[in-house]
Amino acid sequence: MLVAGGERHVSAAAAFRVIVHPQVKGSEIPRPVLSAIFLKQALKWGDGRPVVPVDQSVQSSVRRVFSNEVLGQGVVEVQVYWQRRITAGLVPPPVKTSDEEVVAFVASTPGAIGYVSPGTPLANGVREVTVVD
């Protein structure tokens with residue numbers, strides 16, 4: 001969402017945090033790029049390294065918010081998208097069952113990106129990036 005005057009605004013800042021492996025460059029990520037990453041339409045970072053998204057469980061409230069705010073679709077619509085893509089040979093991002101598992105995956109996987117609940121403690125092996133419109 002944009003604020004009057006064209007200022008960038010982070011609309012879901014209180015709903016989730018986007019985290020990356022420390023080798024991932026930059027401190028901001030545009031919402032459309034984030035969406036393309038999680039739909040596996042963008043496969044590499046700007047430096048050419050593979051991007052490795054990790055999702056939360058379909059029962060997770062943070063996944064519902066992330067799906068709506070970033071992907072512009074509900075969780076069920078995203079599942080339908082992946083069912084179609086799987087038949088074409090593409091594999092969805094791995095799913096972790098907790099914020100702590102997402103943090104551990106991102107910390108141990110070069111190129112990884114995930115999202116967690118706002119109050120989740122971040123390990124030394126991850127850092128937060130800001131989602132911008």
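Two strands are taken to pair if DSSP finds at least two bridges between them. The structure described here is a predicted model, and the account begins with its sheet.

Five strands make up an open sheet of mixed pairing, arranged in the order β2-β7-β1-β6-β3. The edge positions are held by β2 (28-30) and β3 (52-53); each has a single partner strand, so one side of each is left without a neighbour in the sheet. In general, the strands of a sheet pair through backbone hydrogen bonds, in either the parallel or the antiparallel sense. In this model, β1 and β7 are antiparallel and share three bridges, and V18 has V129 as its bridge partner in β7. The pairing of β1 with β6 is likewise antiparallel and extends over four bridges, with I19 standing opposite G114 in β6. The pairs at the edges are parallel: three bridges connect β2 with β7, and two join β3 to β6. Within these pairs, P30 stands opposite V132 in β7, while P53 has I113 as its bridge partner in β6.

Helices pack against this sheet. Helix α1 touches β1, β2, β3, β6 and β7, and its direction makes about 80° with that of β2. Helix α4 (residues 99-108) also packs on the sheet, where it touches β1, β3 and β6; its direction makes about 160° with that of β6. Strand β6 is mostly covered, five of its five residues being buried. This burial involves both faces of the strand, with A112, G114 and V116 on one side and I113 and Y115 on the other.

The largest nonpolar core contains 22 residues, among which L34, F66 and I113 touch the most other members. Two or more residues are contributed to this core by each of β1, α1 (31-38), α2, α3 (75-87), β6 (112-116) and β7 (127-132). Helix α2 supplies the largest share, four residues. A second core, separate from the largest one, has nine residues, including I19, V54, F105 and V116.

Helix α2 spans residues 61-71, and its buried residues are V62, R63, F66, S67, V70 and L71. Viewed down the helix axis, the buried residues of α2 fall within an arc of 135°, so they line one face of the helix. An α-helix has 3.6 residues a turn, so residues three or four places apart point the same way. At the start of α2, a side-chain oxygen of S60 comes to within 3.2 Å of the backbone nitrogen of V62. Just after the helix, G72 adopts a positive phi of about 70°.

Residue A36, in helix α1, has a relative accessibility of 16% and therefore counts as buried, the cut-off being under 20%. When neighbours within four places in sequence are left aside, A36 is in contact with Q41 and A42. The C-alpha atoms of A36 and V70 are 9.5 Å apart in space, and the two residues are separated by 34 residues in sequence.

Strand β1 (residues 17-20) includes R17, which is buried with a relative accessible area of 17%. The side chain of R17 forms two polar contacts that can be described in turn. One reaches the backbone oxygen of T120 at 2.7 Å. The other, at 3.0 Å, joins the side chain of R17 to that of E128. Apart from residues up to four places away in sequence, R17 touches G114, Y115, V116, S117, P118, T120, L122 and E128. Of these contacts, G114, Y115 and V116 are also among the buried residues of β6.

Terms used: Residues numbered from 1 in each chain as written. Heavy atoms only, no water. Buried < 20%, exposed > 50% of the residue type's maximum accessible area, 1.4 Å probe, protein only. Arc of directions from axis to C-beta. Polar contact = N/O pair within 3.5 Å; in protein donor to acceptor, adjacent residues only side chain to side chain. Contact = heavy atoms within 4.5 Å. Core = buried A, V, L, I, M, F, W, Y, C linked by side-chain atoms within 4.5 Å. Axes fitted to C-alpha atoms, helices over the stretch in contact; angles between N-to-C directions.
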